[in-house]
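Reader: I'm new to this one and would like to learn how to read it. Could you take me through a few features, step by step?
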Amino acid sequence: MKSAGKRPTAAECRAGRRATVRLFLGTGRRTRYGPSVPIFHECQRCTACCRWPGQVRLTEAEIARLADFLELGETEFIQRFTRLTHDRQGLALQEKPSGACVFLMGHDCSVQSVKPQQCRDFPNLWREAEAENQCRAIPQTLGDEAYAQRVAQVTGRTVEAVREILGSRQRTECHSPSRSG
Ligand code: SF4
Ligand code: SF4
């Protein structure tokens, strides 16, 4: 999944609070009325998130894994498939002229088994308000334990790591000055 790297503005946060059951992908919960309910999003592999503007950041380990998968040296992989991130602090996957990720082939990710963590984390661990209109993931209401296990299963993270990420997000949601615009 490509991220535009945008965070919700204060106005978006306020709008989110006003909405009846406003559901931001990645918060994993809806809380407006009644008890907080975990919501798991089942990806439908529509690949819309591989086509919209943004970037897929890469860690060194991900570069090594992708290069190995493609039977390339890391230097060749970097030259052929990466570019500088928008903030010029790291590397991201290149895009095709259409804007789609360089590894999107038809309606499939050609590096599915070794795709970057950022791609694995979307949509359940991302908070992309704009993505709600385009993502076809199907929301499912789950119990807390089943929810953490399903997110861990699709992201490849441990259940403990998922709980930590979501717990941290819910503590800071819409309250961090760094998210105010
Ligand atoms: S690496 Fe695969 S899942 Fe990630 S954006 Fe590219 S095509 Fe999509
Ligand atoms: S359903 Fe959502 S997360 Fe899955 S491929 Fe489509 S846009 Fe991406």
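Reader: Let's start with Asp 68: is it buried, partly exposed or exposed?

Author: One thing up front: this is a predicted model. To judge exposure, you count the other C-beta atoms within 10 Å: 20 or more means buried, and 12 or fewer means exposed. Asp 68 has 13 of them, so it's partly exposed.

Reader: Where does Asp 68 lie?

Author: In helix α2, which covers residues 60–69. You can also look across the chain from there: Val 114 is 46 residues apart from Asp 68 along the chain, yet their C-alpha atoms are separated by 9.6 Å.

Reader: What should I look for in the backbone angles?

Author: Most residues other than glycine have a negative phi, and most peptide bonds are trans. Exceptions are worth spotting, and Arg 45 is one: its phi is positive, about 55°. You'll find Arg 45 in the loop between β2 (37–42) and β3 (57–58). With 12 other C-beta atoms within 10 Å, Arg 45 counts as exposed.

Reader: And what is phi like at Arg 88?

Author: Positive as well, near 60°. Arg 88 sits in the loop between β4 (82–84) and β5 (91–93). Its count is 6 other C-beta atoms within 10 Å, so Arg 88 is exposed.

Reader: Which kind of peptide bond, cis or trans, leads from Phe 122 to Pro 123?

Author: That one is cis, with omega near 5°. Pro 123 belongs to the loop between α4 (117–121) and β8 (138–141).

Reader: How do I read a sheet?

Author: Strands of a sheet pair through backbone hydrogen bonds, either parallel or antiparallel. Here, 3 strands make an open sheet in the order β3-β5-β4, with antiparallel pairing. β3 and β4 are the edge strands, each pairing on one side only.

Reader: How many bridges link β3 and β5?

Author: There are 2 bridges, in the antiparallel sense. To see a bridge up close, find Leu 58: its partner in β5 is Leu 91.

Reader: What about the ligands? Which residues are around ligand 1?

Author: Try listing the shell, then sorting it by character. Around ligand 1 you'll meet, among others, Met 1, Lys 2, Cys 50, Phe 103 and Lys 115. The shell divides into 10 nonpolar residues, no polar ones and 2 charged.

Reader: How many residues surround ligand 2?

Author: 13, and the closest are Cys 43, Cys 46, Ala 48, Cys 49 and Cys 135. Sorted by character, the shell of ligand 2 has 9 nonpolar, 2 polar and 2 charged residues.

Notes: Residues are numbered from 1 along each chain as its sequence is written. Chains are lettered from A and ligands numbered from 1 in the order in which they are written. This is a predicted model: local features need pLDDT of at least 70, side-chain atom pairs count only at pLDDT 80 or more; totals for chains, interfaces and linings use all residues. A residue is near a molecule or strand if its C-beta atom, placed from the backbone, lies within 6 Å of it. Ala, Val, Leu, Ile, Met, Phe, Trp, Tyr, Cys and Pro count as nonpolar, Asp, Glu, Lys and Arg as charged, and the others, Gly among them, as polar. Helices (H or I, at least four residues) and strands (E, at least two) are DSSP runs, numbered from the N terminus. Two strands pair if DSSP finds at least two bridges between them.
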